[in-house]
Amino acid sequence: MAKLIHTMIRVLDLDKSLAFYRDVLDLTPSHTLDFPDFALVYLRNEEDDAEIELTYNKGRTEAYTHGTGYGHLAVVVEDLDAKHAAVTAKGYAPPPIKEFKRGDELLARFFFVQDPDGYKIEVLQRHGHYR
C-alpha cells in the first residue's frame, strides 16, 4: 500500500514562502537539505504526517509557471471563519468564504488563498467528506 508523504512545489523567494506557510497553514520546517545550487525544505505540522516540500533554486529570478495542469492543495480546519479572519488579518486577502451545495445539502464551506508563487490553497471547514 502506498502512503502519501509529500508534495513538492518550486518557490522563488524562500523566506516569503516560509512565512506564508507558517502564517496560513501552521507549517514549519521539519527537515532541510541545503546544497550549493538549491535547497529542499520540508514543512509539516502536528496535524498530519504528510509534508510540503519547498524546492528553492538559488539564483533564480524568473517566476515559475504552473501550466494548465496544476489545480490546488487542500487543507481542512475546525473553524473556517476564524481561519479566514486570521489569514485576512495577516494581509493575505483571501476572497469571501463560499458554500458548495447539492440542492439544500451543504457539501463544503471553503475559501482559497494564494501563496507568494501563486499556488492556490483551498481551506475547507472540517465537514462531511472533508476530514
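Two strands count as paired when DSSP finds at least two bridges between them. That rule helps in reading this model, which is a predicted one. Strand E5 and strand E8 (residues 120–125) are joined by 5 bridges and run parallel. One matched position is Val76, which stands opposite Leu124 in E8.

These two strands belong to an open sheet of 4 strands. The order across this sheet is E5-E8-E7-E6, and the pairing is mixed. Strand E5 (73–77) and strand E6 (98–102) stand at the edges. Each has a single partner strand, so one side of each is left without a neighbour in the sheet. From one strand to the next, the twist averages 30 degrees.

A helix lies across this sheet. Helix H2 (residues 80–89) crosses E5, strand E7 (105–114) and E8. The helix runs at about 15 degrees to E7.

Look next at a residue in that helix. Lys83 has its place in helix H2. Is Lys83 buried or exposed? Its relative accessibility is 15%, so Lys83 counts as buried; the cut-off for buried is under 20%. Setting aside neighbours within four places in sequence, Lys83 is in contact with Asp23, Val24, Asp26, Val77, Phe111 and Val123.

Now move to strand E7, where Arg109 lies. Arg109 has 18% relative accessibility and therefore counts as buried. Which residues does Arg109 touch, not counting residues up to four places away in sequence? They are Leu80, Asp81, Ile97, Lys98, Glu99, Val123, Leu124 and Gln125. Arg109 can also be placed against Arg126. The two are 17 residues apart in sequence and 8.6 Å apart in space, C-alpha to C-alpha.

Turn to the other sheet described here. This is an open sheet of 4 strands in the order E1-E4-E3-E2, with mixed pairing. E1 and strand E2 (28–34) stand at its edges. Each of them has a single partner strand, so one side of each is left without a neighbour in the sheet. The twist averages 25 degrees from one strand to the next.

Follow the sheet strand by strand. E1 and E4 pair in the parallel sense, over 6 bridges. Arg10 has Thr55 in E4 as its bridge partner. H1 packs on this sheet and touches E1, E2, E3 and E4. The direction of H1 makes about 165 degrees with that of E4.

Continue from E4 to E3. These strands run antiparallel and are joined by 6 bridges. Leu40 has Thr55 in E4 as its bridge partner. E3 and E4 are joined by a hairpin through 6 residues.

Then go from E3 to E2. Here 6 bridges join the strands, which run antiparallel. Pro29 has Leu43 in E3 as its bridge partner. E2 and E3 form a hairpin with 3 residues between them. How many residues of E3 are buried? The count is 5 of its 7, and E3 is mostly covered.

Stop at one residue of this sheet. Ile52 is found in strand E4 (residues 51–57). With a relative accessibility of 10%, Ile52 counts as buried. Leaving out residues up to four places away in sequence, Ile52 touches Thr7, Ile9, Tyr21, Leu27, Val41, Tyr42, Leu43 and Leu73. Ile52 and Pro36 are 16 residues apart in sequence. In space they are 21 Å apart, C-alpha to C-alpha.

Finally, consider the space left open. Rolling a probe the size of a water molecule over the atoms shows where empty space is left. The largest pocket has a volume of about 770 Å³. It is lined by 25 residues. Which of them lie nearest its centre? They are Asn45, Asp48, Ala74, Val75 and Val76. Val76 has appeared before, as the residue opposite Leu124 in E8.

Several elements build this lining. Strand E1 (6–11), helix H1 (14–25), strand E3 (38–44), E4 and E5 each supply at least two residues. The largest share, 5 residues, comes from E5. By type, the lining of the largest pocket divides into 13 nonpolar, 3 polar and 9 charged residues.

How values were computed:
Residues numbered from 1 in each chain as written. Predicted model: local features only at pLDDT ≥ 70, side-chain atom pairs only at ≥ 80, totals over all residues. Heavy atoms only, no water. Axes fitted to C-alpha atoms, helices over the stretch in contact; angles between N-to-C directions. Contact = heavy atoms within 4.5 Å. Buried < 20%, exposed > 50% of the residue type's maximum accessible area, 1.4 Å probe, protein only. 1 Å grid on protein atoms, 1.4 Å probe; cavity = no way out; pocket = protein on both sides within 12 Å on 5 of 7 lines; lining within 4 Å. Points joined across faces, edges and corners; volume = space filled by probe spheres on them. Nonpolar A, V, L, I, M, F, W, Y, C, P; charged D, E, K, R; others polar.
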